[in-house]
Amino acid sequence: MKIIIIGSGLAGLSAGYKLCKSNEIIIFEKDREIGGMAASYCQDYTGKKYFIEKYYHHIFRSDSELLALINELGLERQMLWLKGKNAYFVDGKNYPMNTPPEILRFNPLSVTNLVKLGLLVFRIKIINDTTSYDRIKAKDWIIDNAGKSVYENFFAPLMKSKFGENAENISAAWLIGRVKIRSDRGKEGEKLGYLRGGFNSLIKSLEREITAQGGKILENKEITEIVIEGNIVQGVIADGTFIACDAVISTVEPGALDALTKGKLGALHETLQSIRYQGTACALIGLDKRLMENGNYWLNIKADVPFGAVIEHTNFMPFEDYGEHLVYVTSYFQNEKDVLWMQKEEEVLDSYLKGLEKMFPDFSRADIHWAKLFRRMDTAPVYEQGYLEKVLPFAAGPSGLYLAGMFSSTNYPERSMNGSIKAGFESANFFIKKDENCDVCWLD
Ligand SMILES: Cc1cc2nc3c(=O)[nH]c(=O)nc-3n(C[C@H](O)[C@H](O)[C@H](O)COP(=O)(O)OP(=O)(O)OC[C@H]3O[C@@H](n4cnc5c(N)ncnc54)[C@H](O)[C@@H]3O)c2cc1C
């Protein structure tokens with residue numbers, strides 16, 4: 001069967017990997033390189049060539065599909081589990097947030113409110129099904145269960161930095177999912193996973209497996225239409241040329257899918273239009289000196305600066321792997337009118353550097369080797385109250401059209417690499433199951 005996959009992120013590559021042995025696979029990627037949001041940037045400023053993700057990434061212990069895929073591809077020797085120090089920068093002060101005694105020293109909350117925060121986290125840990133929390137706003141749920149001060153002084157700045165003006169509409173289901181994953185610490189405290197050599201190794205390994213089986217991955221090739229006639233997929237259009245195929249797996253964001261299918265997805269059309277995505281403007285900076293001397297990996301920020309977090313990669317991964325210090329400075333933004341999207345790259349970088357100068361008196365621009373800004377509009381669904389109803393099915397309606405990506409059920413209530421790999425596999429299963437049953441019934 002000839003299957004066209006739109007998008008070479010982890011969802012598209014995982015689907016291609018599962019299907020390439022018994023099908024003709026062509027993956028179309030509109031960017032110049034593959035990997036989508038998990039793609040890397042190649043740097044050799046210090047004469048040592050290395051790959052580093054354009055957007056900070058790590059693995060959680062619960063990422064079972066991702067970890068199994070790493071093993072299957074023979075990359076397990078590159079897997080590291082490391083402690084990354086977390087802190088919260090509130091009104092000019094750095095609060096370490098790694099152990100219960102440290103959290104008890106978080107002065108913006110009184111002891112009573114710290115106890116309420118602890119009880120809320122405990123409550124979250126024992127919730128197994130978030131479905132009934134999807135229609136409740138996180139803000140209301142936190143205030144009802146832990147009080148206004150816990151919301152305003154702890155959660156509100158974090159949610160504002162993640163969802164901007166949409167923060168107050170985010171569902172309690174998202175919050176519960178997020179806190180659960182970050183509080184899964186075990187006896188030794190939280191350890192995060194990372195692949196030595198970066199997630200580029202995973203992307204390249206998937207590419208090798210697909211192409212070794214005769215699959216094709218075409219970079220810089222944007223699909224402009226999915227051609228559907230009589231409710232059956234006929235093929236796609238790229239560069240003005242029609243390419244026939246038996247089936248399409250689309251991994252593109254819902255608004256873009258709606259445009260590609262020219263509104264032919266019937267009942268799904270309105271849902272596709274109603275799902276909101278947010279963007280990310282993430283600066284990656286190579287430095288001569290450490291930025292956070294206290295060893296922080298992840299710093300959440302409540303301060304008057306244009307970013308919400310600073311992530312010092314080389315306070316997590318060994319400096320020697322890179323030969324320079326690597327820092328991400330990042331912010332989400334909500335729409336195309338945001339300055340982080342409208343401004344030129346150098347203007348955004350300048351505003352971020354001014355923010356760093358304000359927060360870190362020892363930081364000097366003279367220490368910068370290089371700085372890059374990576375930004376995209378489609379980096380995460382906005383998990384608003386009631387979002388669960390909008391989760392897209394794997395089979396889109398028209399015969400031969402399948403969907404897998406951040407909008408899939410495997411990425412609810414928070415998107416991740418694991419969720420997209422699982423979505424890619426789920427979409428591939430439609431073909432594998434049908435292959436097992438009969439040769440032609442996939443045309444149903
Ligand atoms: C700042 C940031 C930090 C993150 N940190 C983590 C983390 O620590 N851990 C974690 O698990 N996850 C993290 N994620 C999330 C993770 O990167 C994503 O969930 C996952 O990579 C999404 O994969 P995907 O294939 O679903 O989508 P994408 O990676 O978005 O892939 C879709 C692809 O489709 C292509 N495309 C779109 N339209 C077309 C078209 N018309 N024709 C051809 N190609 C097209 C796009 O260019 C893109 O390459 C992070 C994401 C961001 C932005």
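Where is Lys-262 found? In this predicted model, Lys-262 belongs to the loop that runs between α9 (254-260) and α10 (268-274). The backbone of Lys-262 has a positive phi of about 50 degrees, although the residue is not a glycine.

## Backbone features in loops

Asn-220 is another residue to consider under this heading. Its phi is near 60 degrees, a positive value in a residue other than glycine. Asn-220 is placed in the loop between β9 (216-218) and β10 (223-229).

A further backbone feature concerns a proline. Tyr-412 and Pro-413 are joined by a cis peptide bond, with omega at about 5 degrees. Pro-413 itself lies in the loop that connects β19 (401-403) with α13.

## The ligand and its surroundings

The ligand is surrounded by 30 residues, of which Glu-29, Met-37, His-57, Met-417 and Ser-420 come nearest. By residue class, the shell around the ligand divides into eleven nonpolar, twelve polar and seven charged residues.

Several polar atoms of the protein face the ligand. The table lists three such pairs.

| Ligand atom | Protein partner | Distance |
|---|---|---|
| Nitrogen | Polar backbone atom of Lys-30 | 3.1 Å |
| Oxygen | Polar backbone atom of Met-37 | 2.8 Å |
| Oxygen | N or O atom in the side chain of His-57 | 2.6 Å |

Taken alone, the ligand exposes 1000 Å², and the protein buries 96% of that area. The elements that contribute two or more residues to the shell around the ligand are α1 (10-19), β18 (368-381) and α13 (417-437).

## Buried positions

Helix α13 also holds Asn-418. With a relative accessibility of 9%, Asn-418 counts as buried, because the cut-off for that class is under 20%. The side chain of Asn-418 reaches the backbone nitrogen of Leu-66 at a distance of 2.8 Å.

Ala-281 is found in strand β14 (residues 277-287). Its relative accessible area is 0%, so Ala-281 is buried. How many residues apart in sequence are Ala-281 and Arg-375? The two are separated by 94 residues in sequence, yet their C-alpha atoms are 4.3 Å apart in space.

## Salt bridges

The count of salt bridges comes to 18. One of them links Arg-135 with Glu-389, whose closest N and O atoms are 3.2 Å apart. Arg-135 lies in the loop between α4 and α5 (138-146), and Glu-389 lies in the loop between β18 and β19, so this pair ties together parts that are 254 residues apart in sequence. Glu-389 counts as exposed, at 64% relative accessibility.

A second salt bridge is found within a helix. The side chains of Glu-207 and Lys-204 meet at 3.3 Å, N to O. Both residues belong to helix α8 (residues 200-212); because they are three residues apart there, about one helical turn separates them. Lys-204 is partly exposed, with a relative accessible area of 31%.

A third example is the salt bridge between Arg-365 and Glu-357, in which the closest N and O atoms are 2.8 Å apart. Arg-365 counts as partly exposed, at 33% relative accessibility. Glu-357 likewise counts as partly exposed, at 33% relative accessibility. Salt bridges with shared partners join Asp-350, Lys-354, Glu-357 and Arg-365 into one network.

## A nonpolar patch on the surface

Which residues form a nonpolar patch on the surface? The patch is made of Val-111, Val-115 and Leu-119, which together have about 300 Å² of accessible area. Leu-119 lies in helix α4 (residues 111-125). The relative accessible area of Leu-119 is 55%, and this residue is therefore exposed, the cut-off for that class being over 50%.

Key
Residues numbered from 1 in each chain as written. Predicted model: local features only at pLDDT ≥ 70, side-chain atom pairs only at ≥ 80, totals over all residues. Heavy atoms only, no water. Patch = residues over 30% accessible without salt bridge, like charges linked within 9 Å, V, L, I, M, F, W, Y side chains within 5 Å. Areas by Shrake-Rupley, 256 points an atom, 1.4 Å probe, with all protein chains shown as cover. Salt bridge = Lys/Arg side-chain N within 4 Å of Asp/Glu carboxyl O. Helix = DSSP H or I, 4+ residues; strand = E, 2+ residues; numbered from the N terminus. Buried < 20%, exposed > 50% of the residue type's maximum accessible area, 1.4 Å probe, protein only. Near = heavy atom within 4 Å. Polar contact = N/O pair within 3.5 Å; in protein donor to acceptor, adjacent residues only side chain to side chain. Nonpolar A, V, L, I, M, F, W, Y, C, P; charged D, E, K, R; others polar.
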